[in-house]
Amino acid sequence: MALDFNKYAKEGNTFLKEYAREMNLGKDTEKAGRIFSAIMHALRDIITPQESLQLVAQMPMFMKAAYVNGWTLKKEKPKVKHMEEFVELVRKHDGVAAVNDFGYEDDLAERYIDITFIYLRKYISLGEMEDIRDGLPKNLKSMIYTNLMF
């Protein structure tokens, strides 16, 4: 099987354009990419490595690259049981750009998180999304459950 990196780049750019448009970011695909990566990395931190591998198996190549970039297995997962803690973890993964990307209020970050999980559903099976949801702490389940169906 030959790797077609131009195809992956084109698919990734198309995804970022649609994702940025949906999030009312205009054509700012760089910001959209940072937000997507930060949310994916926060998710990766709180689900099991096995669940991450099952999720990655369903992702298109461009999404896999964003998900696994910088991934190291940690002995302890961060203690995230509430949406506020998840938003803080997302901001941590976004680094110095977090204030610019998410602002100071959680409402915008939560909206971006909702949009991200809606977009994930376009690529990930309902069963896998339910598996991820089932592994989340009780107070975080709604970030996936409310967006399982369009």
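Which residues of helix 5 are buried? In this predicted model, the buried set comprises M83, F86, V87, L89, V90, R91 and D94. An α-helix has 3.6 residues a turn, so residues three or four places apart point the same way. Helix 5 covers residues 83-94, which makes 12 residues. From first C-alpha to last, helix 5 reaches 16 Å, close to the 16 Å expected at 1.5 Å a residue. Right after helix 5 comes G95, with a positive phi near 65°.

Much of the rest of the picture can be told from helix 2, which spans residues 29-46. Take helix 1 (5-22) to begin with. The axes of helix 1 and helix 2 come within 9 Å and cross at roughly 90°, and that angle makes helix 1 roughly perpendicular to helix 2. On the helix 1 side, the residues that meet helix 2 are F15, L16, K17, Y19 and A20; their partners in helix 2 are T29, A32, G33, I35, F36 and I39. Sorted by type, the residues of this helix 1 and helix 2 contact come out as eight nonpolar, two polar and one charged.

The loop between helix 1 and helix 2 holds N24 and also K27. N24 isn't a glycine, yet its phi is positive, at about 60°. Is N24 buried or exposed? With a relative accessible area of 63%, N24 is exposed, because anything over 50% counts as such. K27 is exposed too, at a relative accessible area of 80%. The C-alpha atom of K27 is separated by 27 Å from that of V56, a residue 29 places away along the chain.

Next up is helix 7 (residues 106-120). Its axis and that of helix 2 come within 10 Å and cross at roughly 80°, so helix 2 is roughly perpendicular to helix 7. Helix 2 puts I35, F36, I39, M40 and L43 into this contact, while helix 7 supplies Y112, I113, T116, F117 and L120. What kinds of residue make up the contact of helix 2 with helix 7? The split is nine nonpolar, one polar and no charged.

Helix 4 (residues 61-68) is another partner of helix 2. Here the two axes come within 8 Å and cross at roughly 65°. Since 65 to 115 degrees is the range for roughly perpendicular, helix 2 gets that label against helix 4 as well. The crossing of helix 2 past helix 4 is right-handed. The contact brings together F36, S37, M40, H41 and R44 from helix 2 with M63, A66, Y67 and V68 from helix 4. Its residues divide into six nonpolar, two polar and one charged.

One residue of helix 2 that deserves its own look is R44. Why does R44 count as buried? Its relative accessibility is 7%, and buried means under 20%. As for its surroundings, once neighbours within four places in sequence are left aside, R44 is in contact with S52, Y67, V68, N69, G70 and W71. Y67 and V68 also turn up on the helix 4 side of the contact with helix 2. R44 and Y67 sit 23 residues apart along the chain, but their C-alpha atoms are separated by 7.6 Å.

Definitions and conventions
Residues numbered from 1 in each chain as written. Predicted model: local features only at pLDDT ≥ 70, side-chain atom pairs only at ≥ 80, totals over all residues. Heavy atoms only, no water. Axes fitted to C-alpha atoms, helices over the stretch in contact; angles between N-to-C directions. Helix = DSSP H or I, 4+ residues; strand = E, 2+ residues; numbered from the N terminus. Parallel < 35°, antiparallel > 145°, perpendicular 65-115°, else oblique. Left-handed = near helix turned anticlockwise from the far one by under 90°. Contact = heavy atoms within 4.5 Å. Nonpolar A, V, L, I, M, F, W, Y, C, P; charged D, E, K, R; others polar. Expected span 1.5 Å × (residues − 1). Buried < 20%, exposed > 50% of the residue type's maximum accessible area, 1.4 Å probe, protein only.
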